[in-house]
Amino acid sequence: MADSQTKKSESLNEEDVTRYLLDRISGLEKRNLEIREELRQLESEKRFIETQKIRFEREIRKLKGEVEKLRSPPLIIGTITDIAGDNRYVVQSSAGPKFMVRASGFIDSKDLKQGVRCTLNQQSLTIVDILPESFDNQVYGMEISNIPEETYDDVGGLEYQITEIREAVELPLTKPEIFARIGITPPKGVLLYGPPGTGKTLLAKAVAHHTEAKFLRVVGSELVQKYIGEGARLVRELFELARKSAPSIIFIDEIDAVGAHRTEGITSGDREVQRTLMQLLADLDGFEARGDVKIIGATNRIDILDPALLRPGRFDRIIEIPLPDYEGRLSILKIHTDGMNISNKLSLENISKLTEGMNGSELRAICTEAGMFALRNEKDHVGMDDFIQATDKVGSEIKNHMKSTNDGVMFA
Ligand SMILES: Nc1ncnc2c1ncn2[C@@H]1O[C@H](COP(=O)(O)OP(=O)(O)OP(=O)(O)O)[C@@H](O)[C@H]1O
């Protein structure tokens, strides 16, 4: 009897344990389902947040683009003359008229006080930047190098032009006494003209290197387009800075943008160019030929230059920088392959024959591209096949560019 009772209680215990375990399993399964549901919800939230993130990133890109657009030229420079409250300011533009304008959101209103110089976007007339009180080359995008590193050895195929520029710019800076002894006035500067990419800037930098002169480079189109109404002032300040930094060389690239034929200009843009040109002529006349500031102008469009600029006493020598001929191309190719590991079977003579009509800048691009082809094919040396592929690539890029811009020959 006692035996049967013990068995009964044991089987009851087993039943309890089984029931308990089954309950536990079903509890865990339920919990598992709940957790899965939570996970699903979290994943859907994550997806939503990721979509939001993408949307916000797109928005940020768009806003950044708008900020860029607002900041991009052309800009009007002016001075705040009055604060009208409610984000409204009276700005007197440097070209004369007064405007009631608003400031864009990224300008701190605390910085906008009476007398502060600022730039306005020409289309929206909103204040987009605050200018420092005095002349700041960073603001005006002027390139200043202490003494450039480029030397005459870096210039290929322009031996005659190097001699000319040495006489007209280098000699007056390094040996002014020679001119005094013979009793002639040294040249004030030279004008380099010819197609783009032929080495005008390079040559100007090389002269500055050899004369240990500071190199101040401005681009004509920026003088008249970037800060409307400021061209003349910028020219004045440029000459002032050059005098302060002497010995120095002022290099005006794209001088045709300031010095085109004077026409019956009626648009404000024409008047702005004329004002800038008059200031440039005045400064050219005003500075001492025997001093240690020289000026080099460069243009692709000598045909449209105002004759006033070409008169002696302004640019005393006018030097053509043409497209390189066979020998010129060969010497440019030698310069740009100098540091490269080239195969001894490579014939630069043949490359020079293949590249007729190309300028120095394109020849340099061919050398770099050839190196890239060799790199891609995991070679140690750059060979003829790499150069041929590079020539084709650069050649077709030029054709595409010509097609898209419908560019004709732009030089005289
Ligand atoms: N004659 C050359 N010898 C060696 N390299 C050259 C020569 N011409 C051009 N290059 C290469 O091409 C680059 C661009 O040339 P550079 O800016 O001097 O031409 P540019 O005539 O001033 O052009 P642009 O009229 O467009 O301003 C140079 O930095 C140089 O690497």
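These legends go with a set of close-up views of one predicted model.

**View 1. The largest pocket and what lines it.**
Start with the biggest opening in this predicted structure: the largest pocket has a volume of about 610 Å³. Its lining is made up of 27 residues, and those closest to the pocket centre are Gly197, Gly199, Lys200, Thr201 and Leu202. Four elements each give two or more residues to this lining: helix 4 (200-211), strand 11 (293-299), helix 9 (326-336) and helix 11 (360-376). Helix 4 has the largest share, with four residues. Sorted by class, the lining has ten polar, nine charged and eight nonpolar residues.

**View 2. The ligand and its neighbours.**
Now for the ligand, which has 18 residues around it. Gly156, Gly197, Lys200, Thr201 and His336 are the closest of these. Which residues put an N or O atom beside a ligand oxygen? Gly197 does so through its backbone, with an N or O atom 2.8 Å from an oxygen atom of the ligand. Thr198 also uses a backbone N or O atom, here 3.1 Å from a ligand oxygen. With Arg364 it's the side chain that takes part: one of its N or O atoms is 3.3 Å from an oxygen atom of the ligand.

**View 3. Two cysteines, Cys118 and Cys367.**
Are these cysteines buried or exposed? Cys118 is buried, because its relative accessible area is 0%. Cys367 counts as buried too, since its relative accessibility is just 1%. If you're looking for disulfides, the count comes to zero. As a reminder, a disulfide is a covalent bond between the sulfur atoms of two cysteines.

**View 4. A cis peptide bond at Pro247.**
Zoom in on the loop between helix 6 (231-244) and strand 10 (248-253), and you'll find Pro247. The peptide bond that runs from Ala246 to Pro247 is cis, and its omega is near 0°. That's worth a look, because most peptide bonds are trans.

**View 5. Positive phi at Leu125 and Glu212.**
Most residues other than glycine have a negative phi. Leu125 isn't a glycine, yet its phi is positive, at about 55°. You can spot Leu125 in the loop between strand 4 (117-121) and strand 5 (126-130). Its relative accessibility is 23%, so Leu125 counts as partly exposed. Glu212 is another non-glycine residue with a positive phi, near 55°. Glu212 sits in the loop between helix 4 and strand 8 (214-219). At 57% relative accessibility, Glu212 counts as exposed, because the cut-off for that class is over 50%.

**View 6. Asn344 and Val382.**
Where does Asn344 sit? Look in the loop between helix 9 and helix 10 (348-354). Asn344 has a relative accessible area of 78%, so it's exposed. Along the chain, Asn344 and Val382 are 38 residues apart, and their C-alpha atoms are separated by 9.3 Å.

**View 7. Asp316 and Ala168.**
The last close-up is on Asp316, in the loop between helix 8 (307-310) and strand 12 (317-320). Asp316 counts as partly exposed, because its relative accessibility of 33% falls between the 20% and 50% cut-offs. How far apart are the C-alpha atoms of Asp316 and Ala168? They are separated by 8.0 Å, while the two residues are 148 residues apart along the chain.

Conventions: Residues numbered from 1 in each chain as written. Predicted model: local features only at pLDDT ≥ 70, side-chain atom pairs only at ≥ 80, totals over all residues. Heavy atoms only, no water. 1 Å grid on protein atoms, 1.4 Å probe; cavity = no way out; pocket = protein on both sides within 12 Å on 5 of 7 lines; lining within 4 Å. Points joined across faces, edges and corners; volume = space filled by probe spheres on them. Nonpolar A, V, L, I, M, F, W, Y, C, P; charged D, E, K, R; others polar. Disulfide = S-S within 2.5 Å. Buried < 20%, exposed > 50% of the residue type's maximum accessible area, 1.4 Å probe, protein only. Near = heavy atom within 4 Å. Polar contact = N/O pair within 3.5 Å; in protein donor to acceptor, adjacent residues only side chain to side chain.
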